[in-house]
Amino acid sequence: MENNKFELLRKIDLFLLDMDGTIYLGDRLFEGSKEFVQLLKENNKEFLFLTNNSSKSSDDYLKKLSKMGIEITKENLLTSGQATAIYLKSIDQRSAVSAYVVGTQSLKDELKSFGINVVNSIEKEDVDYLIVGFDTELTYKKLLDACKLIRKGVPFLATNPDLVCPLDGGEYIPDCGSICIMLENATKKKPLYIGKPSSIIVEVISRFKNVEKSKMAMIGDRLYTDIKMANDNGMISILVLSGETNYEDIEKFQVKPTLIYNSIEDIYEDLKILYRGVK
């Protein structure tokens, strides 16, 4: 098994890195995260920070990572908000596409940067799409507007299916998936999810990075998003137990990771052996 582990790690040309619960929790950077990224840079390995958290824009994440001592460029980061915008522009190439957004101002700004017209009033403006994200600025008015649009037949997109977002100290708050469940219960309509584990975001990444799926690895802390996406798309799945998932969960779920590590630091130690021959 030990040799097989290193053979699998050797195959990886592109590392997809979850953020919340994998690289950090809240504002606490996990041990080994900075060293892990530096090791990939030193060995010219492609990597992409991939987060389902659409409450912040890519610029927000770049600033957050920089404060933590991890310096990357926009080419090393993709949020589910960005992936939603890329997908929307690929299926609807009209110059003026409008969307009502149940999401934060950061998500709205991200969508606007891709040329999407964000509508603030469903009474005064036409709406082509409803986009729901992880909305830490949620109001009942937004939920009401969303229900009206869904009942009118407006296409319903969601950035990610995560039910909760982990916080430092073992606490959780409702994420996009929980908001969508409320809307689904009220309207009997399900959204099209763009973020992990959807194959949509994998196709976006594969084209963006020009890497075969079999040579990509997803490192994350959630079985039903990170690991499921990797398994469904022929990728290597690497579970870390530093966030939402524990060993008991692995026994309960049918989704099984290719490799399991306690933390990103443990993966770093193995890659250090692989790349440098250091023990």
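The crossing of helices α6 and α7 is right-handed, a term applied when the near helix is turned clockwise from the far one by less than a right angle. In this predicted model, local features need pLDDT of at least 70 and side-chain atom pairs count only at pLDDT 80 or more, whereas totals for chains, interfaces and linings use all residues. Residues are numbered from 1 along each chain as its sequence is written, and side-chain values use heavy atoms, with hydrogens and water left out. Helices (H or I, at least four residues) and strands (E, at least two) are DSSP runs numbered from the N terminus.

The axes of α6 (residues 140-151) and α7 (residues 176-187) come within 10 Å and cross at roughly 50°, where axes are lines fitted to C-alpha atoms, for helices over the stretch in contact, and angles run from 0 to 180 degrees between N-to-C directions. The two helices are therefore oblique to each other, the class left once angles under 35 degrees (roughly parallel), over 145 (roughly antiparallel) and 65 to 115 (roughly perpendicular) are set aside. In contact (heavy atoms within 4.5 Å) are L143, A146, C147, I150 and R151 of α6 with I179, M182, L183, A186 and T187 of α7.

An open sheet of 6 strands, with parallel pairing, follows the order β5-β4-β1-β13-β14-β15; strands pair if DSSP finds at least two bridges between them. Strands β5 (77-79) and β15 (259-261) stand at the edges with a single partner strand each, so one side of each is left without a neighbour in the sheet. The twist from one strand to the next averages 20°. Within this sheet, β1 (residues 14-17) and β13 (residues 216-220) run parallel and are joined by 4 bridges, with M218 in β13 as the bridge partner of L16. Helix α4 (residues 80-91) lies across β4 (46-51) and β5, at about 75° to β5, while α9 (residues 223-232) lies across β1, β4, β13 and β14 (236-240), at about 160° to β14.

A further open sheet comprises 5 strands in the order β7-β6-β8-β9-β12, with parallel pairing; β7 (116-119) and β12 (192-193) are its edge strands, each pairing on one side only. Strand β9 (residues 156-158) pairs with β12 in the parallel sense over 2 bridges, and the bridge partner of L157 in β12 is L192. Helix α6 lies across β6, β8 and β9, running at about 135° to β6.
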